[in-house]
Amino acid sequence: MKKIRLTEVSAQLGKVQEAVHRFAQKDHPLNLAALQALLLIDEQAQPAFDLVRQQYIQNPRMSKQIEEKLWQDIVGFSRDMLAAYQRFVLLEEPKPEEASEFQKLTAIMLARALHYISIQMKWHFFRFSAPDPKLWSAAHQIYRLSEVSDVDSDPFSLYPALSSPTTSCADEYVQIMMLATLNNGNFSFRQFDWADRWLDSWSRHIQIERKYRANVHQFCLNLQEPAGPSKIHDQVDGETMRYWGVIELLAEMTKIIKQLEAGESPQRLGLGDDCRMPGCLDFMKQLEILWSRELTHQIHRSERHKVNKLVEVVQGLNNIFQAIRQDDDRIMSVQTMKRTPESAEVMDMKLYGFVTDRTKQRMAEMQNKHSSYAPRHLETVSWVLENQSEGGFGAVLPVNGNDWVRLGVLVGMRNDANSNWILAVIRRLNRIDTEHLYAGLQILSTASVSVTMRSEDEHRRPSALSMSADGLDTFGAIVPRLGLYIPHQTEGKRINTMLIQAADYSMDRFYHVTARDKHFTVKLGDMLEKGPDWIWSSVDLLRKD
């Protein structure tokens, strides 16, 4: 029944499209009655059009033949509706007696035209293809006309009879531009649809401005160029430039993320009936990372060089911590084997003329601890690097087997088993085609040191396992938290930082830290960066224990 219904709906939509197509192509009189008829037909066709779009989104594993037909139906209908609206957009002078009524319909006419541009863009993004430059030009032209007509911020319902959310020409335009920023990520149909739907309400938190404001704006575009938005690296002024920032948007997203983490359901927060946890929360965090990185820091991009080499990659925070721990153990082992007599040995020689048994025992324990170094097996994958720069790498990966690859995910990388691990973060993703993915990685550190941590309360409790008659008694035992110490340079100053599990972070929290057999007490400081499951924080060294 559902298949029959969809077939009937597609046929009905096809008939509407044929009529609209004829109107858009023929020299039909452009008067108020024709515009009103177009607006009415458009509104009445929305339930059927929405059903066809949902059929596409909810069936990512459909056959190529069905996918192609639905794609052509959706893009074709949007293209013809846009062409019909554009005839009125280009109308210079309506009849004098109809001018005032035309003026009242200008905002909704322009917004619906932008809406159909957005749909075409979105379906091109589904195929990881670039939209036609003419679409960008049309979007800029229509938005500019809304500014000139002074209706760009007028609020209204896009389809009043369907109780659609309040919008404006500016909101529809912003939605196109913000959706375009996601076209460099490894996102599914459903995730794109979620973001598009969320931007229906989030777009009001973004204000397009004509004057650039440093530390406020992160994106810009040129109304005269047939291209989408770009990130602001250097100030660019001009009459046709437009700018916007994401500070208010990120504040709203942070509030929603906290509500989701506290147990609130996506449905009650208005995120959509098909939004399910934890996927909804995970995707929102990815969006937060994608948009906030433009706010928190500008990544220095050094010159890239083409390479073709194989590297080992380890993923998962605990695996990365263990990998770098193995580097530390290997270094300590080498240092121990090369160690010269300790001060205790020298003191024994001066006092007694020989080294005491107690000192020998202590030195043997140290040597056994490190000379028995045996690397633990780590699950790694191999990536082929295609470019390299001073600050990072670029790799082409197969889509299959790399579902875990996301923006903001940490990885450990090394050339071979004799090399040390490098800590890197995935900054850019782009689907090259249906089978291959490009990942751009930034190096966070080449000299990380593994640490174990205990909070103040945990430090006071017994940590060693005690023996009982039944064997090992684990009651009261505490597994140390793991992290990384990262020396960092910022604003010409060297600061101490640590990268830890997100759950272990709290501003001003005290930790007792052990790194390479040295013990320290530290206090966590400002958050430098936040990832999906990790936080990079400055630390204050309070004392050496």
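**Exercise 1.** Determine whether D517 is buried, partly exposed or exposed in this predicted model, and describe its backbone.

*Solution.* Step 1: the relative accessible area of D517 is 34%. Step 2: buried requires a value under 20% and exposed a value over 50%. D517 is therefore partly exposed. Step 3: D517 lies in the loop between β17 (510–515) and β18 (518–530). Step 4: the phi of D517 is positive, about 70°, although the residue is not a glycine. Most residues other than glycine have a negative phi.

**Exercise 2.** Classify the exposure of N215 and state where it is found.

*Solution.* Step 1: N215 is found in the loop between α7 and β3 (219–222). Step 2: its relative accessibility is 71%. Because exposed means over 50%, N215 counts as exposed. Step 3: N215 is not a glycine, yet it has a positive phi of about 65°.

**Exercise 3.** Describe how helices α4 and α7 pack.

*Solution.* Step 1: helix α4 comprises residues 99–126 and helix α7 residues 189–202; their axes are 10 Å apart, at an angle of about 155°. Step 2: angles over 145 degrees count as roughly antiparallel, so α4 is roughly antiparallel to α7. Step 3: the crossing of the two helices is right-handed. Step 4: the residues that meet are S118, K122, F125 and F126 in α4, and F189, F192, D193 and D196 in α7. Step 5: ring pairs link F125, F126, F189 and F192 into a cluster with Y56 and W123.

**Exercise 4.** Classify the aromatic pair formed by W383 and W404, and explain which parts the pair ties together.

*Solution.* Step 1: the structure holds 19 aromatic pairs. In the pair of W383 and W404, the ring centres are 5.9 Å apart and the planes differ by 15°. Step 2: planes under 30 degrees apart count as stacked, so this pair is stacked. Step 3: W383 lies in strand β7, and W404 in the loop between β8 (392–398) and β9 (410–414); the pair therefore ties together parts that are 21 residues apart in sequence. Step 4: W383 has a relative accessible area of 2% and is thus buried.

**Exercise 5.** Locate E379 and identify its contacts beyond its neighbours within four places in sequence.

*Solution.* Step 1: E379 lies in the loop between α12 (357–371) and β7 (381–388). Step 2: E379 is exposed, with a relative accessible area of 60%. Step 3: apart from those neighbours, E379 is in contact with V313 and V314. Step 4: E379 and V314 are 65 residues apart in sequence, and their C-alpha atoms are 6.7 Å apart in space.

Key:
Residues are numbered from 1 along each chain as its sequence is written. This is a predicted model: local features need pLDDT of at least 70, side-chain atom pairs count only at pLDDT 80 or more; totals for chains, interfaces and linings use all residues. Side-chain values use heavy atoms; hydrogens and water are left out. Helices (H or I, at least four residues) and strands (E, at least two) are DSSP runs, numbered from the N terminus. Buried means under 20% relative accessible area, exposed over 50%, partly exposed in between (1.4 Å probe, protein chains only). Contact means heavy atoms within 4.5 Å. Rings of Phe, Tyr and Trp (its six-membered ring) pair if their centres lie within 6.5 Å; planes under 30 degrees apart count as stacked, over 60 as edge-to-face and the rest as tilted. Axes are lines fitted to C-alpha atoms, for helices over the stretch in contact, and angles run from 0 to 180 degrees between N-to-C directions. Angles under 35 degrees count as roughly parallel, over 145 as roughly antiparallel, 65 to 115 as roughly perpendicular and the rest as oblique. A crossing is left-handed if the near helix is turned anticlockwise from the far one by less than a right angle, and right-handed if clockwise.
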